[in-house]
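The following paragraphs lead the reader through one protein model and the ligand that it holds. Please keep the sequence and the structure in view while reading.

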Amino acid sequence: MTNYKKELVGVFGHPVAENPTVVMLEAAFGALGLDWQYLTIDVLPDDLPDAIRGIRALQMQGINLTIPHKVAVLAHLDEVAADAALMGAVNTVRREGRRLIGENTDGKGFLRALRDDGKVDPKGKQIVVLGAGGAARAMTVELALAGAAEITVVNRSSSRGEDLVALLNTKTETSAQFVSWNGPYTLPAETDVLVNATSIGLYPDVDARPDLVYETILPTMTICDVIPNPPETPFLREAEARGAKTLNGLGMLVYQGAIGFTMWTGKEAPVEVMFEALKKALL
Ligand code: NDP
């Protein structure tokens, strides 16, 4: 029997036109022969409640949320996964009948990159995270839930850094501390994993790098960047030059999309196809 109907998913954001997620999701649907379509949709903040109701009305399978909707969306969902509720942010909604369930795959994507590509299990590890914004919140909550021993949050603004540390200390088993970032940061020698979770180095600011005493990076450390574009940042080049293992932001981006793909379709995502599609799009 002919079927002209597609299963719809997509992303709500504002602005959203430059969001490349469509490229990797459409490549994944194509590779698996799924009759699904990913829509990139500009939704103004005031229109978010109507847009969310539209998911049910149009029987979309789910939606991604990006700036500025990741926090505001929580008020319009029927259920929120425990980790996303802790972070206070949702980047993926899946529909079960008329129920809309909020998830956050950003931190999970990072954990998968760390485990699968970095060969590092965060359990019992000493972690330093630069930044305390949305990406840092998602990553530190998942790292804490995965059993990280100690998490140091280094941030320019004290209020955001202190809020995140308070959340980690009160709601998870990890021991977290805040360090105010007001000069070159000296990395403790016992650090296992250092993550740049700030926007420093993001295109077009490609020569910028976080303010660190780079000599304190050791070959025993794993150094990670959230910046997906460009994948090779001055921060990672410094780390490589000092013999450390490095992970760029592409893995996190692909894996968070792959986890969302599986939540929606119930199928394993073709991550290699997604990597290739994204790399081409970001060239
Ligand atoms: P936010 O705006 O929520 O947070 C930005 C963070 O960067 C804050 O901690 C901010 O500090 C810090 N920061 C920015 N500029 C500077 C600077 N010049 N010096 C010191 N600190 C600075 O952004 P997000 O957390 O949402 O995103 C951060 C980055 O992560 C972006 O580049 C984004 O592209 C990337 N990202 C990557 C993902 C992936 O899958 N690879 C997924 C999600 C995000 P302060 O609090 O003091 O302002």
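In sorting residues by class, Ala, Val, Leu, Ile, Met, Phe, Trp, Tyr, Cys and Pro count as nonpolar, Asp, Glu, Lys and Arg as charged, and the others, Gly among them, as polar. With these classes, the shell around the ligand comprises 10 nonpolar, eight polar and three charged residues. The model described here is a predicted one.

The ligand is a suitable place to begin. It is surrounded by 21 residues, and the closest of them are Ala132, Ala135, Asn155, Ser157 and Val226. Which elements give two or more residues to this shell? They are α5, which spans residues 134-145, and α8, which spans residues 249-265. The most is given by α8, which supplies three residues.

Several polar backbone atoms of the protein can then be located beside the ligand. At Val226, a polar backbone atom is 2.9 Å from a nitrogen atom of the ligand. At Gly249, a polar backbone atom is 3.0 Å from a nitrogen atom of the ligand. An oxygen atom of the ligand, in turn, lies 3.3 Å from a backbone N or O atom of Leu253. On its own the ligand has 930 Å² of accessible area, and the protein covers 75% of this area.

From the ligand, the reader may follow α8 to the helices that pack with it. One of them is α9, formed by residues 271-282; the axes of α8 and α9 are 10 Å apart, and the packing angle is about 125°. Why is this arrangement called oblique? Angles over 145 degrees count as roughly antiparallel and those from 65 to 115 as roughly perpendicular, whereas the rest between these ranges are oblique; the angle of about 125° therefore makes α8 oblique to α9. The crossing in which α8 passes α9 is right-handed.

Helix α1, residues 21-32, also meets α8: the two axes come within 10 Å and cross at roughly 50°. The pair α1 and α8 is therefore oblique as well. Here too the crossing is right-handed, with α1 passing α8.

The backbone of the loops deserves a separate look. Most peptide bonds are trans, and most residues other than glycine have a negative phi. Against this background, the peptide bond from Ile67 to Pro68 is cis, with an omega near 5°. Pro68 belongs to the loop that runs between β3 (62-65) and β4 (79-80). Asn229 and Pro230 are likewise joined by a cis peptide bond, with omega at about 5°. The loop that holds Pro230 lies between β11 (222-225) and α7 (234-241).

Which residues other than glycine show a positive phi? Gln59 is one of them, with phi near 50°, and Gln59 is placed in the loop between α2 (48-57) and β3. Lys119 is another, with a positive phi of about 55°. The loop in which Lys119 lies is between α4 (106-117) and β7 (126-130).

Technical notes:
Residues are numbered from 1 along each chain as its sequence is written. This is a predicted model: local features need pLDDT of at least 70, side-chain atom pairs count only at pLDDT 80 or more; totals for chains, interfaces and linings use all residues. Side-chain values use heavy atoms; hydrogens and water are left out. A residue is near a molecule or strand if one of its heavy atoms lies within 4 Å of it. A polar contact is a pair of N or O atoms within 3.5 Å; within protein, one must be able to donate a hydrogen and the other to accept it, and residues adjacent in sequence count only if both atoms are side-chain atoms. Accessible areas come from the Shrake-Rupley method with a 1.4 Å probe; for residues, only the protein chains shown count as cover. Helices (H or I, at least four residues) and strands (E, at least two) are DSSP runs, numbered from the N terminus. Axes are lines fitted to C-alpha atoms, for helices over the stretch in contact, and angles run from 0 to 180 degrees between N-to-C directions. Angles under 35 degrees count as roughly parallel, over 145 as roughly antiparallel, 65 to 115 as roughly perpendicular and the rest as oblique. A crossing is left-handed if the near helix is turned anticlockwise from the far one by less than a right angle, and right-handed if clockwise.
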